[in-house]
Amino acid sequence: RVARQYLGIRYRSAGKNPKAGFDCSGFTGYVFHKLGISLKSSSPAQATEGRNVPFSNARKGDLAFFGRKGRSGKYYINHAAIVISEPGEPLSIIHSASRKGIVITRVKEDPYWRRSLLFVKSVL
């Protein structure tokens, strides 16, 4: 509910508030701060917080992380988003996308996001 009020706010690299615009981790950090939860400032740092959640158990308020997995098994995180779906529903996220600003995406319906989804974490 908190995140949805920022739909349409523009993307801005290193942006951390609605007046200037948001990058992905700026958006997740801002929304969680509004809820009294502190997150680290970058998407790779945020990916170290919380506990892993299977995709099928992802629920509203979890964080989804995107990027690629290297040959050594190391994750290269380049994007963070907030899950807005419940278990049993198609995975949907709200996030700051570089061309569109704050948008809602159904992950499986978008080849880019589907291919780059790495894991989901609960920080609540």
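The following exercises, each with a worked solution, concern the salt bridges and the sheet of a predicted model.

**Exercise 1.** Determine which parts of the chain are tied together by the salt bridge between Glu 86 and Arg 59.

*Solution.* Begin with the contact itself, in which the side chains of Glu 86 and Arg 59 meet at 3.5 Å, N to O. Next, place the partners: Glu 86 lies in the loop between strand 5 (75-83) and strand 6 (92-97), and Arg 59 in the loop between strand 3 (51-53) and strand 4 (63-69), so the pair ties together parts that are 27 residues apart in sequence.

**Exercise 2.** Classify Arg 106 and Glu 109 as buried, partly exposed or exposed, given that buried means under 20% relative accessible area and exposed over 50%.

*Solution.* Arg 106 has a relative accessibility of 43% and therefore counts as partly exposed, whereas Glu 109, at 59%, counts as exposed. These two residues form a salt bridge with each other, their closest N and O atoms being 3.3 Å apart.

**Exercise 3.** Identify the edge strands of the sheet, and then describe how helix 1 is placed against the sheet.

*Solution.* First write down the strand order, which is 3-8-4-5-6-7 in an open sheet of six strands with antiparallel pairing. Strand 3 and strand 7 (101-106) each have a single partner strand and stand at the edges, so one side of each is left without a neighbour in the sheet. From one strand to the next, the twist averages 40°. Finally, helix 1 (residues 24-34) packs on the sheet, where it touches strand 4, strand 5, strand 6 and strand 7, and its direction makes about 40° with that of strand 5.

How values were computed: Residues are numbered from 1 along each chain as its sequence is written. This is a predicted model: local features need pLDDT of at least 70, side-chain atom pairs count only at pLDDT 80 or more; totals for chains, interfaces and linings use all residues. Side-chain values use heavy atoms; hydrogens and water are left out. A salt bridge is a side-chain nitrogen of Lys or Arg within 4 Å of a carboxyl oxygen of Asp or Glu. Helices (H or I, at least four residues) and strands (E, at least two) are DSSP runs, numbered from the N terminus. Buried means under 20% relative accessible area, exposed over 50%, partly exposed in between (1.4 Å probe, protein chains only). Two strands pair if DSSP finds at least two bridges between them. Axes are lines fitted to C-alpha atoms, for helices over the stretch in contact, and angles run from 0 to 180 degrees between N-to-C directions. Contact means heavy atoms within 4.5 Å.
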